[in-house]
Amino acid sequence: ISYDRGGWLDDWGDYYDDNEDDEALKNEADRHMKGVSTIKLGLEYMVDPHVALRVGYNYVSSPYNKSAYRNQFINSASLDYTTTTDYMNLSEINRFTCGIGLTFGKFYADAAYMYQNQHGDFYAFNTQMNNPSAHNDCPSSRIKLDRSKFMLTIGYRF
């Protein structure tokens with residue numbers, strides 16, 4: 001592969017312009033992905049003027065359709081040199097938070113804990129061969145992507 005005046009020349013003599021749109025890949029994304037919805041809810045209770053207790057919830061829907069798969073048989077310059085066959089369809093995300101906020105004059109400290117629940121269906125490869133109605137004979141593995149996080153912020157208000 002060589003680069004020449006704004007494009008790429010591959011080993012077979014095919015030329016790809018850097019500004020060339022990859023319509024095939026865009027069409028695949030349109031077919032397998034969907035809009036994402038987000039919901040955020042939070043509640044704060046002031047125990048006294050210097051102490052606040054907080055809880056929250058955050059939901060983010062999955063960006064993938066249930067039947068999404070990695071199609072390696074489209075005419076896409078972006079996929080011509082791809083050597084991986086695996087893909088993962090991620091589920092929705094559920095986040096739960098709780099925390100406490102303290103103020104000391106102009107100083108403040110906020111501590112929070114977040115638990116995130118998400119999973120993904122991992123596929124090592126796809127056997128559908130560009131046929132969306134065919135069944136993928138490669139079974140998926142359920143991957144748990146749960147995580148916990150503790151956050152601490154200390155600051156000064158000017």
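Let's start with Tyr 123, which is buried, with a relative accessible area of 17%. Please keep in mind that we are looking at a predicted model. The cut-off for buried is under 20% relative accessible area, so Tyr 123 falls on the buried side. Its ring has a partner, Tyr 87, and that residue counts as buried too, at 9% relative accessibility.

How are these two rings arranged? A pair of aromatic rings is described by the distance of the centres and the angle of the planes. For Tyr 87 and Tyr 123, the centres are 4.8 Å apart and the planes sit at 15°, so the pair is stacked. And where do the two residues come from? Tyr 87 belongs to strand S6 and Tyr 123 to strand S9, so this pair links distant parts of the chain, 36 residues apart.

That brings me to the sheet around them. Strands S6, S9 and S10 form an open, antiparallel sheet in the order S6-S9-S10. At its edges stand S6, residues 87-90, and S10, residues 141-144; each has a single partner strand, so one side of each is left without a neighbour in the sheet. On average, neighbouring strands here are turned by 30° against each other, direction ignored. Strand S9, residues 119-123, is joined to S10 by four bridges, and the two run antiparallel. If you want to find the register on your screen, look at Phe 122, which stands opposite Ser 141 in S10.

Now let me step back to the whole chain. What is it built from? The protein chain has one helix and eleven strands. Reading along the sequence, you meet them as β-β-β-α-β-β-β-β-β-β-β-β. The chain has 158 residues, and 23% of them count as buried. It exposes about 11,100 Å², with carbon and sulfur atoms supplying 57% of that area. Then there is the question of how far apart in sequence the contacting residues are. Taking contacts between residues at least 6 apart in sequence, 60% join residues at least 24 apart.

There is another sheet to show you. Five strands form an open sheet in the order S4-S5-S7-S8-S11, and again the pairing is antiparallel. Its edge strands are S4 and S11, the latter covering 147-156, and each pairs on one side only. Neighbouring strands of this sheet are turned by 15° against each other on average, direction ignored. Within the sheet, strand S7, residues 93-104, and strand S8, residues 107-117, run antiparallel and are joined by eleven bridges. A handy landmark there is Cys 98, whose bridge partner in S8 is Tyr 113.

On to charges. Side chains of opposite charge can pair when their charged atoms come close. How many salt bridges are there in this model? The count comes to six. I'll walk you through some of them, beginning in the helix.

Helix H1 spans residues 23-32, and Glu 23 and Lys 26 both lie in it, three residues apart, about one turn of the helix. They form a salt bridge with their closest N and O atoms 3.9 Å apart. The limit for a salt bridge is 4 Å, so this pair is within it. Both ends are partly exposed: Glu 23 has a relative accessible area of 43%, and Lys 26 has 41%.

Glu 28 and Arg 31 sit in H1 as well, also three residues apart. Their side chains meet in a salt bridge at 2.7 Å, N to O. Buried or partly exposed, which is Glu 28? Glu 28 is buried, with a relative accessible area of 11%, whereas Arg 31 is partly exposed at 33%.

Leaving the helix, we come to Glu 44 and Arg 54, with their closest N and O atoms 2.6 Å apart in a salt bridge. Glu 44 lies in strand S4, residues 38-48, and Arg 54 in strand S5, residues 51-60, so the pair ties together parts that are ten residues apart in sequence. Glu 44 counts as partly exposed at 44% relative accessibility, and Arg 54 is partly exposed at 32%. Which residue joins them in a network? Asp 110 does: Glu 44, Arg 54 and Asp 110 are linked in a network of salt bridges.

Let me finish where I began, with rings. A search of the whole structure finds four aromatic pairs. Besides the tyrosines we started with, ring pairs link Phe 107, Tyr 156 and Phe 158 into a cluster. Thanks, everyone!

How values were computed:
Residues are numbered from 1 along each chain as its sequence is written. This is a predicted model: local features need pLDDT of at least 70, side-chain atom pairs count only at pLDDT 80 or more; totals for chains, interfaces and linings use all residues. Side-chain values use heavy atoms; hydrogens and water are left out. Buried means under 20% relative accessible area, exposed over 50%, partly exposed in between (1.4 Å probe, protein chains only). Contact means heavy atoms within 4.5 Å. Accessible areas come from the Shrake-Rupley method with a 1.4 Å probe; for residues, only the protein chains shown count as cover. Two strands pair if DSSP finds at least two bridges between them. Axes are lines fitted to C-alpha atoms, for helices over the stretch in contact, and angles run from 0 to 180 degrees between N-to-C directions. Rings of Phe, Tyr and Trp (its six-membered ring) pair if their centres lie within 6.5 Å; planes under 30 degrees apart count as stacked, over 60 as edge-to-face and the rest as tilted.
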